Amino acid sequence: QFGINAELLFRPINIDLFGLADGETDGFLYNVMNPRAHVGGMVNFDSNGTSYGYAGLTWQFGLTELLFLEGGFGLAVNDGNDRPSATRAGLGSSVTFRESIALGVNVTENVTALIQLEHLSHASLFDDDHNRGLSNISARIGYKF
């Protein structure tokens, strides 16, 4: 299936609960305490595909000067079937959790490239029998304004 995704990723919340110095805003503890809000959507171009919108929080951790790891968690609303049909899987609910993990590279100061795995599921909270979930792998390009 083929689709296109767009996402806005906002600046970190910037809460300084531990009195970190201004120069220490890239440390592990700071990044855990200061996620970035995100909002986005996926439009699936396949007639049997599922489109969805989502919002939540993203955490980013630098691995090296160039590489970083990114994880996200939030909620999504989808147009998929609650129950399975002959052509579509049953997701069990139009409201799901959305988790993502990505490996990224800083191409320039303003451009990033990422490989991302995301999963949508309701964790059997809404329907024990229908929770197939939806997983996607994508290549993403980011631009910092």
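In this predicted model, the largest cavity has a lining made up of Glu 7, His 38, Thr 58, Glu 70, Gly 71, Gly 72, Arg 98, Ser 100 and Gln 116. The space inside the largest cavity comes to about 40 Å³, and the count of cavities of 30 Å³ or more is one. Rolling a probe the size of a water molecule over the atoms is what shows where empty space is left.

Two strands deserve a look when tracing the walls of this cavity. Strand 4 (67–78) and strand 5 (95–106) each contribute at least two residues to the lining of the largest cavity. Of the elements involved, strand 4 gives the most, with three residues. In chemical character, the lining of the largest cavity has six polar residues and three charged ones, with no nonpolar residue among them. Glycine is counted as polar here, a handy point when reading Gly 71 and Gly 72 in the lining.

Arg 98 links the cavity to the aromatic side of the picture. Besides being one of the residues lining the largest cavity, Arg 98 lies over the face of Tyr 54, at 3.8 Å from the ring centre.

Turning to contacts between rings, the structure contains four aromatic pairs. One of these joins Tyr 143 and Phe 145 in an edge-to-face arrangement, with 5.1 Å from centre to centre and 75° between the planes. This pair is edge-to-face because its planes are over 60 degrees apart. As for their surroundings, Tyr 143 and Phe 145 are both exposed.

Note on methods. Residues are numbered from 1 along each chain as its sequence is written. This is a predicted model: local features need pLDDT of at least 70, side-chain atom pairs count only at pLDDT 80 or more; totals for chains, interfaces and linings use all residues. Side-chain values use heavy atoms; hydrogens and water are left out. Rings of Phe, Tyr and Trp (its six-membered ring) pair if their centres lie within 6.5 Å; planes under 30 degrees apart count as stacked, over 60 as edge-to-face and the rest as tilted. Buried means under 20% relative accessible area, exposed over 50%, partly exposed in between (1.4 Å probe, protein chains only). A charge sits over a ring if NZ of Lys or CZ of Arg is within 6 Å of the ring centre and within 35 degrees of the ring normal. On a 1 Å grid over the protein atoms alone, a cavity is a set of points where a 1.4 Å probe fits but cannot get out, and a pocket is an open set with protein on both sides within 12 Å along at least five of seven lines; lining residues have an atom within 4 Å of a point. Grid points are joined across faces, edges and corners, and a volume is the space filled by probe spheres set on the points. Helices (H or I, at least four residues) and strands (E, at least two) are DSSP runs, numbered from the N terminus.
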